[in-house]
Structure formats: structure tokens, C-alpha cells
Amino acid sequence: MGVRRIVIVGGGSAGWLTAGTIAAAHKTEQEDGITVTLIESPNVPTIGVGEGTWPTMRNTLRKMGVSETSFIRDCDAAFKQGARFSGWATGAADDAYYHPLVLPQGFLEGNLAPHWLRDKNGKSFSAAVCPQDSVCDHNLAPKQITTPEYAGVLNYAYHLNAGKLGGFLRDHCIASLGVRHILDDVTSINPADNGDIASVSTAHNGDILGDLFIDCSGLRSLLLGEHYGVPFMSCRDRLFIDRALAVQVPYDSEDAPIASQTNSTAQSAGWIWDIGLQTRKGVGHVYSSAHTDEDVATRELDQYLAGMGRSVSEFSVRQIRFDPGHRATFWQNNCVAIGMSAGFLEPLESSALVMIELSAAMIAEQMPVTRDAMHIVARRFNDKFRYRWDRIIDFLKLHYVLNRREGPGFWQDNRDPATVPDSLRDLLSLWRVQPPWHDDFVQKDEVFPAASYQYVLYGMGFETKPSHLASSNDSRSFAEQQFRDNAQRTRTLVAALPSHRELLSRIAAHGLQPV
Amino acid sequence: MVTVTPREVEQASVHYPLFFAKDPTTGAFGLFAMLGFQPTENLFLQGNEWRVAHVPLRVRRGPFSVAFRPGAGSEPDVLVQIDLDDARVGTLEGERLFHEDDRPSAYLEQVTSVLSELVTGAPDTRAFVQRLMDERIIEAVSIEADFVDGSRIVFDELYTVSSSVAAALTGSALEKLHAAGDLRRVHAIERSLSNIRGLIDLRNARLTQA
């Protein structure tokens, strides 16, 4: 019996990215080909936040046949070139670093970290090895109006309106990808004899039979969590944050610069995200309820908004509670969870949407042909994503464990070795004597490349001891050339790239060409 | 490079390499004839003589242009405008614009007809580009030219037509382009690329004379 009927329970970003990715990969005129059906409730709202993506989203959308111009216009999207972390290391006024999206200069040929460590030349690591710091400091765009869709002069990702993404993709999936849409509530889940899900019942559309069910029901985890009872594994012992207060803030004027990076500003027991879309900003305070309370968190958000000449009292505040962590397994029988139903972590490195993309891509690519093959794919999926969740937790913890902020409480507790995963502790020991490099990580498609660890490590002021490695004359001249090339490239780009706001206006007026 | 209208394409393709290129402000594609390898280089102008039979309309326009002025009705008035500061304009000698009785001269009438073709040229180009884009016929191309003085000039922001996509057109797409007269233009643009060789020769000749 072939695996043909894919039923996705839940809409939003997870449901529709999954529907689009699978439908685009398995498009067919054959009657007996794969069909994709998505059931979403008219009564359950989406989470409404989740506004940063990774560069992978460009390929994900392109493979679905989405026009970048339409996406930017309809989802109020802007270009993201990385993240800027303020106050995370020491909390001093000048404490800020970038985690950019461009690889360090010459990264495929040699490691510049040991050379920078030896002589910083007054520059931060990211500024020495890539142009994106400067480009972001000047609020410039990563490409031009003449750059084709999805191409960039610099590597980029998106900031987008999370509420609009689902609807935009839904329209595209229905119109162009043959996805069948059922707007209805799921009333029961009907098991088969072998424990699989045979069908789900809906209020007005009868029973929907399927071969593979994908749980995109959000925090509720209707299929994987509720129906199958797959346990949730909290990672609150490592990452403390479990609350969010989110607001939407208009710009001061039509000319106000739009930042091309996600700003993350440390607070007393958490941090504030600040994301610039075309028409408004998304600002949110994520914090740990074990270390502070909603009143203090609201006051800090208010102080942050005061810096923009605003007050929290002007806005309606969205309150979100979550347990940081993930399910013990993600694929049970013929059901796999994607999105918040699989797990959720604080949005420190915008990992939620990329995990959806990676999950949908793996399923599309490894689509089991028969039910027998499915349990093998399921096991591989579980192993791979368990590994990925662990690596994301490690990487997020890296931002915290290196802090040298004063005082007891949240930041000090984050340095407690009991809260540091062994895997991260081992890597940090290694990195004390040698800088991160490609082979530190075992999988060929790691979630975060070695470069990302370099950016955060050295942005946070970590000291790797100088060594006898990378001291040959050849190695030094290679490095000097790379630093010079980067400085030149930075100057050229800052002169040539348009302002971020200017480019977005031009795209609104003229669109981007497909080629 | 000088803009050419879709109606000029077949004639222009005989002598000039034709390309699409993006407007730096809007990213929109325009249609161009290459006259040289540098911004001000015109290999087709020798002294006061134009080397080949087809002179692009944009060049024949001379110091004249079109201006629009709000009119009595809903459509604007279209006026022929002359740039009095242009070196080609004088009072003592040359082509008359008007007869003694203020009637326009044959020359001015010729200019007016060039200008009206140019005015329709812009929307014609937009429509032509859109029809080609709908079928994904426009593709990027990179041109590298080596010259006798050892220099190399590279153009990597030009576009041409994809022969393979054009050749694979069928059904309603094929009919639509055929009905609009686009197939002949696509083939003409394709063939025009071979004119680059001739342009290189012209430049080499100038380089050796100098």
C-alpha cells in the first residue's frame, strides 16, 4: 500500500510551508500520485510572532514557485543580514557585536580567527572578516533593484509579518500547487489496528483519510503530543526563558531608517527583540519567569520603547507563555510533527522557521514510498532532528554562558556549569586552545556552520590562547590579504548599496526581476 | 549603448549587437544596440559619417525631444522640443525647421515622425519585454572581449534571448508571440550577437591607428 495521501493538520507558517514544500517536490499529473490536504481550524489563531528567517527561506520559497516580489509585497517583508547583540557580554554602553550572515573572507580556504586573535587591529572579529557589520551600521540593503529575485550581493534572509505569511502561502498552495484546503475543526483522531492514524474526523467535512499525517497544530501538538502522548522534554534547565511580551510599533516617519539586522538587547532577566518590517517594527521582551515577573518585564519593555519615543501603554501587548524544549521523538507511527508541535525555543537565532523548512525538506526528499519504508525514514528523522535540537540548544546557550554581566540572578545563573550541556562544555574547552573550525562538527549539514560559532564566540570576547598553529609565513600572508580584501570590499559595498528603505520602496513600486 | 524600439529590431540586428539591460533606478528591462565598449565610445560614427545604413531612431532624433503639456481635453498636448544649447543647433546654416510661411519643413516632419515612433517605443518595449518574460525567454549573458592592445572588457549585466527556450515554445505561447511579431524579433536578437565580432574589429582598428 503506497504512501500517497499526505494530511497536514494545522495552517500557519508550519502547515503551509510544509504543504508547499511537499506539493512542489511531488507535483504530478498522475492520478495515483501524492496528494496534499491541509485541514486548518477557523477558530484557532496562529501564534502571530516568528518574524525572522534564515537565508534558507529564499530557496524554500523559490522551490515552491513563489515570486520574491510577491512575497516581499504581501508579507511586509524586509531583508535581514544577521543579528546584533547589545549588552550580552558586559552590559556596558559600547557592548555590542554582530552575528552576520556572510561567511568570513576566505572561509573555504583558511581560518582567519587565529590571525585576528594575534592582532585585532582595533576591529571586532566580524568587522575584520566580513563587510556586513558596516553595511548594517549604515542601514543598507544586501542587494540592488537590478539584482534578480532571490539573488543577493550579500547573503541575506528575511524579516516578515508572521501573521501574513500563512495566508500568503495558503493562496499560493491552493492556486498553483494543487493543495486541497479544508477549513474545519478536527473533532477526533481515528486509529488503525496497528496504532497508525487512519483518519481524522472533522466537524463538517467528514473523515479525512491519510497515509502520512503531519502535525502542525502548534503548541497544542494535537496528534503527536495529545493523541500519541509523546513526552515533552523541557530544556528549562539550560535555557531559562519561558515568557514573551510582544508589541507592534509604527515608525516615526516614512523616512525612518529600517535596520537590516535583528536587534537583540539584553535585559535584566531576558532580552528584547526588535525587528524592522517595511511598514512597522515588531518588538518583544522574552524573559524568564523564574527570575523576574511580568511587571518588571513590562517596565523594561517600556524603557526600551522610550528610547524610540514611545510607551508600552500605547500598544496592545501580546502575552505568550511557553515551555522551552521539544518532544522526545518527532515521528511516531505515521505521524510527524513540524513546527511548534515539535518544540519551541526562544527566538534568539530565529531557529523556528528554519526547523520547519528542514523538516519539510527531509520529508519531501525522503518521502517513504510504502508504509514499511516509513519506519526507517521515521527513525532517521528522529535521530537527525534530535541532534539538531541539541545543537540549537548548545548554540543558544553559547550566547549566555560567556556573559560577564554583573550581579546575581539570570545572567549569573546562566554561567552555572550545571546549566551547560556537556557537548557545549567540551567544545568550549577545545576552543580555549584552538579556534572553531569545520571539523569540530560531525554532520555534513549542521544547522549552524563553524563560522556562526566564531562570530558569537569572538563577539562575546572569548579568548582562545595564541598557539604555534597558523604561524607560517604563507598562512600569515594569506590572512593579511584576506583582511585587506575585506576592508576594500567593505568600502566598495558601503558606497554602492542602496539604503534598505530605499530598496524596499523601489521594490514596492517596480518589483524585482525574476532574472 | 543606445535604446532601440521593438519595431527597429530587425533592421538594427543586421549591424548592431542587441541586448536587454536593466534600468538602474527601476530594474526594468530596456532594449539596446551596442555602439562601443565604453560608455562614450561610438564605433559607428566616423567623423560626421554614420558607417551603416540603419541609424537608430534614438540617434536620428538629434537635439529634438518630446514634451507633454496639459491640454484642453483629457489627453496632454504633445510638443516637439528642441535643445537650443545643443551643438547641432544654429541660426546660420543647416536644415531649416520652418518655411518662410511658418509651415514645418520636410526635415521637421521627418523629425516629428521619428519622435512619434520613439514615443510609442517605450510602451511597445515594456509590452515586448513582458511577453518574453512570461515565457522566460530573457536570460543573462556575459560578454568578454579581448583587444589588440592586450586589454579585456567584460560585460556581465547584459541579457539576451534563450535560443533553447525559444526553440521549445509550443501551443498558445508560440501563437501569442507569433501573432505579436515577436518570433522574428527574438531570432533577430539572437543573430545580432554575432555582430560583436565586427565591433571588436572596429575597435581594434581604432586602437592600431592611434
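Start by colouring the contacts of chain A by sequence separation: of those with a separation of 6 or more, 77% come from residues 24 or more positions apart. Keep in mind as you click around that this is a predicted model.

**Chain A, whole**

Switch to cartoon view and select chain A. You'll be looking at 16 helices and 21 strands. The radius of gyration is 23 Å, close to the 24 Å that the globule rule gives for 515 residues, so chain A is as compact as a globular protein of that length. If you line the view up with the principal axes, the C-alpha atoms fill a box of roughly 70 × 55 × 55 Å.

Now colour by burial. Of the 515 residues in chain A, 57% are buried. Turn on the surface next: chain A exposes about 21,100 Å², and carbon and sulfur atoms supply 49% of that area. For the charges, pick out the 48 positive and 59 negative side chains of chain A; the centres of the two sets lie 3 Å apart.

**Three loop stops in chain A**

Before the next picks, a quick reminder: most residues other than glycine have a negative phi. Two of the stops below go the other way.

Select A:Asn139 first. You'll find it in the loop between α6 (132-137) and β6 (157-159) of chain A. A:Asn139 isn't a glycine, yet its phi is positive, at about 55°. Is A:Asn139 buried or partly exposed? With a relative accessible area of 23%, A:Asn139 counts as partly exposed.

Hop over to A:Ser221, in the loop between β11 (212-215) and α8 (222-227) of chain A. Here's another non-glycine with a positive phi, about 50°. The relative accessible area of A:Ser221 is 0%, so this residue is buried. You may want to hide the surface to see A:Ser221, given that 0%.

Last loop: A:Gly409, which sits between α11 (371-401) and α12 (410-415) of chain A. A:Gly409 has a relative accessibility of 26%, so it counts as partly exposed. While you're there, draw a C-alpha to C-alpha distance from A:Gly409 to A:Thr90: the two are 319 residues apart in sequence and 15 Å apart in space.

**Where A meets B**

Bring chain B into view and select the residues of each chain that touch the other. How many residues of chain A are in contact with chain B? You should get 10 from chain A, against 11 from chain B. Together the two chains bury about 790 Å² between them, 58% of it on carbon and sulfur atoms. To see where chain A loses the most area to chain B, show A:Thr146, A:Gln513 and A:Val515 as sticks; together they make up 62% of what that side buries.

**Chain B, whole**

Finish by isolating chain B. The cartoon shows 7 helices and 9 strands, and the C-alpha trace spans about 60 × 50 × 30 Å along its principal axes. Colour by burial again, and 39% of the 210 residues in chain B come up as buried.

The contact map of chain B can be read in the way you began with chain A. Among contacts between residues at least 6 apart in sequence, 61% join residues at least 24 apart.

With the surface on, chain B exposes about 12,400 Å², half-tone it by element and carbon and sulfur atoms supply 50% of that. As a last selection, take the charged side chains of chain B: there are 21 positive and 30 negative ones, and the centres of the two sets lie 3 Å apart.

Note on methods:
Residues are numbered from 1 along each chain as its sequence is written. Chains are lettered from A and ligands numbered from 1 in the order in which they are written. This is a predicted model: local features need pLDDT of at least 70, side-chain atom pairs count only at pLDDT 80 or more; totals for chains, interfaces and linings use all residues. Side-chain values use heavy atoms; hydrogens and water are left out. Helices (H or I, at least four residues) and strands (E, at least two) are DSSP runs, numbered from the N terminus. The radius of gyration is taken over C-alpha atoms; the globule rule is 2.2 Å times the number of residues to the power 0.38. Buried means under 20% relative accessible area, exposed over 50%, partly exposed in between (1.4 Å probe, protein chains only). Contact means heavy atoms within 4.5 Å. Accessible areas come from the Shrake-Rupley method with a 1.4 Å probe; for residues, only the protein chains shown count as cover. Lys and Arg count as positive and Asp and Glu as negative; His and the chain ends are not counted. The place of a charge is taken as NZ of Lys, CZ of Arg, CG of Asp or CD of Glu. Buried area is the accessible area (1.4 Å probe) that two parts lose on being put together, summed over both.
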